[in-house]
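Work through the following exercises with the sequence and the structure side by side, and try each task before reading its solution.

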Amino acid sequence: MLEQYLPVFIVLGIAIVFGVATVLSSIIFGPQRPTTEKLSTYESGMKPVGTTKERVSIKYYLIAMLFIIFDLEVIFVYPWAVQFKKLFHEFGISVFISMFIFLVIFEIGYLYVYKKGGFKWD
Amino acid sequence: MSVLEIIVFTVVKIVLILTVMLLMVSYLVYFERRVSAWVQNRLGPNRVGWEGVLQPFADVFKLLLKEDIVPVKANQFIHTLAPVIALFVAFATYAVIPIASPLKIFGYEIPLVVADVNIGVLYVLALTSVGVYAITLAGWSSGSKYSLFGGIRSSAQMISYEISMGFSVAGVLLFAESLRPIAIVQSQGSWMWNAWIQPIGFITFVVSAFAETNRLPFDLPEAEPELVGGYHTEYSSMKFAAFFLAEYANMIIAAGMIVTLYLGGYNLPFFNIESLGLANWLTVIIQIGSFFIKMGVLLFFFLWIRWSLPRFRYDQLMSIGWKVMFPLSLINLIWVAVLIMVFNL
C-alpha cells in the first residue's frame, strides 16, 4: 500500500510547489509599474464595454447536471468492466445481461433528454 | 523496500521526469511553430541558436522578466490560484504513465513510472477533471467578458467530452481487467493493440482527448476572432506561461495516455523484445525509444490536425460530444463485451 501511494503524495506535493514557484517567479523577477490603464480590463485599447455580472444561459447548468448524472453512470460501469472476464467465466452470460439492462435504462434516460430538447444549442 | 528508499527513488524519478517533461513541452512549442510554418510555407523561428533551437528558452526568459498584471476588476486570489491549478494538474498527471518495463539496477527492480498505483486510469481521469477548475476559475476571476465566456465554454466542452472518454476507457478495462497502466500495457502484448480490437473506442478517445486539451478543431475556449485570448486574456508574464505550459503538457499527457491505453504502450509493435533475451538495460532503452517515437508520431498528428481542419461552431461541438461521441462510446463498450464473450478471450 505505502509503496504504491507514497509516490503519489510526493508527486502531488512537488507539483504544487512547482506551480506556486512558477507563478511567484514573475512577481519576483518582473518589474512592477502599475498604471490605471494597464490595470483596466482588456478592450482593444478602448474603454471597457459591458460587465461580467450578466446572467449565464440556463443551458450551461443543464449541461452540468447532465454531466453529473451520466458521469456517475460511467463510474458504475468501471467495477463491472474490471471484473467482467472473471465473472463471465464463473456465471456466464447473465453478467453481461445485467449490465445491458442497466445501460438500456440509462439509454432511455438519454433518449428522454434528447426528446425534451436537452441537446439543442442554437 | 524501506520508506527512505521509496522516497529517494521517487524524488529521483520525479526530477528526471519533470526535466524531460519541461524539455518536451518547450520543444513541442518550438516543433509546433516550425511545423505550422512548414505547413503554411513560411520559415518560422530560426534565429536563436542553430535553426532556432534555443527559441523556447528565449521565450520563457522573456516572459519571466515581464510585468505580472492583475486587473483591478479581477479577484486577486483566485486569479493567482488558477494558473497554479493548471500547472499542478499538468505535472501531477504524468506520474502514472509507464515509459518502459522495470529497470534492474544495483539489485533493485525499479518500475519506470513514478507512481505504480492500481487505480492509475482513475487518477488520470480525476486529475483532468480538476483541470477544468483552472480554466473555469481563470475565466470567472479575471473580470473580463472575454475571459468569462472562454471559461464557461471551456468547462461545458470539457465536461461534455469527459463522459465519452470515460466510456471509451471502460472498453480498455474489459480487456485489461485492471486500472493499472502497466497491466493495461501488458494485456496488449506486442501486437494485440486496443486500437485494432476496438477501433470505435480508439477514435472516440482520441477525439475526446482533442476536446479535453482544447486543441483545434475544438479550441473554442480561445477562439481568437471572437474571444481575444479566451480564458487567459487577462493573464501576463509567468501566469500566462503557466497556462501555455499546461496546455502543451496536457497534449503530451494525452498522447502518452493514448499510447498506453490503445497503442501498446512501451512495447515494440509486432515484435516481442523480451523473447530476444537482451540485457535488461538494453531492453529498457529500446522500450523507452519505442514509447517516445509513438508519442512523437501522435503529437505530430495533433499538429497536423490543427492545420488541416477548421474550427467547429459551438453548437456543432456540443452536438458531436453528446449526440455522436457518447452513443459511439457506448456501442464500443457493448462491442468489446460481446467480443470477449464470443471469442472467450
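Helices are DSSP runs of at least four residues, numbered from the N terminus, and this numbering is used throughout for what is a predicted model.

**Exercise 1. Follow helix H2 of chain A from end to end, and find which residue lies at the centre of its kink.**

Solution. Begin with the extent of the helix: H2(A) covers residues 58-91, which is 34 residues, and spans 46 Å from its first C-alpha to its last, close to the 50 Å expected at 1.5 Å a residue. Next, look along the helix for a change of direction; a kink of about 60 degrees is centred on A:Phe84. A:Phe84 also belongs to the buried residues of H2(A), together with A:Ile63, A:Phe70, A:Val74, A:Val77 and A:Ala81. Then ask what lies over these buried residues: the cover includes helix H3 (94-115) of chain A, and also helix H5 (145-176) and helix H12 (314-343) of chain B. Finally, step just past the end of H2(A), where A:Gly92 takes a positive phi of about 75 degrees.

**Exercise 2. Describe the side of chain A that touches chain B, and decide which element gives the most to it.**

Solution. Start with the two sides, where 54 residues of chain A are in contact with 65 residues of chain B. On the side of chain A, the elements that give two or more residues are helix H1 (2-29), H2 and H3 of chain A. Of these, H1(A) gives the most, with 22 residues. Sorting this side by class then yields 37 nonpolar, eleven polar and six charged residues. As a last step, consult the predictor's scores for the complex, which are an ipTM of 0.87 and a pTM of 0.90.

**Exercise 3. Examine the largest nonpolar core, and identify the helix that supplies its largest share.**

Solution. The core has 126 residues, and those touching the most other members are B:Ala86, B:Leu87, B:Phe91, B:Leu245, B:Ala249, B:Ile252 and B:Ile258. Its largest share, 20 residues, comes from helix H10 (residues 237-262) of chain B. Now take B:Phe91 and leave aside its neighbours within four places in sequence: the contacts that remain are A:Ala15, A:Phe18, B:Leu18, B:Met21 and B:Ala249.

**Exercise 4. Determine how many residues of helix H8 of chain B are buried, and what covers them.**

Solution. H8(B), residues 199-212, has the highest mean pLDDT among the elements of chain B, at 90, while helix H9 (residues 224-227) of chain B has the lowest, at 69. Eleven of the 14 residues in H8(B) are buried, including B:Phe202, B:Phe205, B:Phe210 and B:Glu212. Their cover includes helix H4 (120-141), H5, helix H7 (194-197), H10 and H12 of chain B. Just after H8(B), B:Asn214 takes a positive phi of about 55 degrees.

**Exercise 5. Are B:Asn41 and B:Glu51 buried, partly exposed or exposed?**

Solution. First locate the two residues: B:Asn41 lies in the loop between helix H1 (3-39) and helix H2 (55-64) of chain B, and B:Glu51 lies in the loop between H1 and H2 of chain B. Next, count C-beta neighbours: B:Asn41 counts as exposed because it has 6 inside 10 Å, whereas B:Glu51, with 14 other C-beta atoms within 10 Å, is partly exposed. Lastly, check the backbone, where phi is near 60 degrees at B:Asn41 and near 55 degrees at B:Glu51. Most residues other than glycine have a negative phi.

Methods
Residues are numbered from 1 along each chain as its sequence is written. Chains are lettered from A and ligands numbered from 1 in the order in which they are written. This is a predicted model: local features need pLDDT of at least 70, side-chain atom pairs count only at pLDDT 80 or more; totals for chains, interfaces and linings use all residues. The expected span of a helix is 1.5 Å times one less than its number of residues. The bend at a residue is the angle between axes fitted to the seven residues ending there and the seven starting there. A residue is buried if 20 or more other C-beta atoms lie within 10 Å of its own, exposed if 12 or fewer, and partly exposed in between; C-beta atoms are placed from the backbone. Two residues are in contact if their C-beta atoms, placed from the backbone, lie within 7 Å. Ala, Val, Leu, Ile, Met, Phe, Trp, Tyr, Cys and Pro count as nonpolar, Asp, Glu, Lys and Arg as charged, and the others, Gly among them, as polar. A nonpolar core is a set of buried Ala, Val, Leu, Ile, Met, Phe, Trp, Tyr and Cys residues joined through C-beta atoms within 7 Å. pLDDT is the predictor's confidence in each residue, from 0 to 100.
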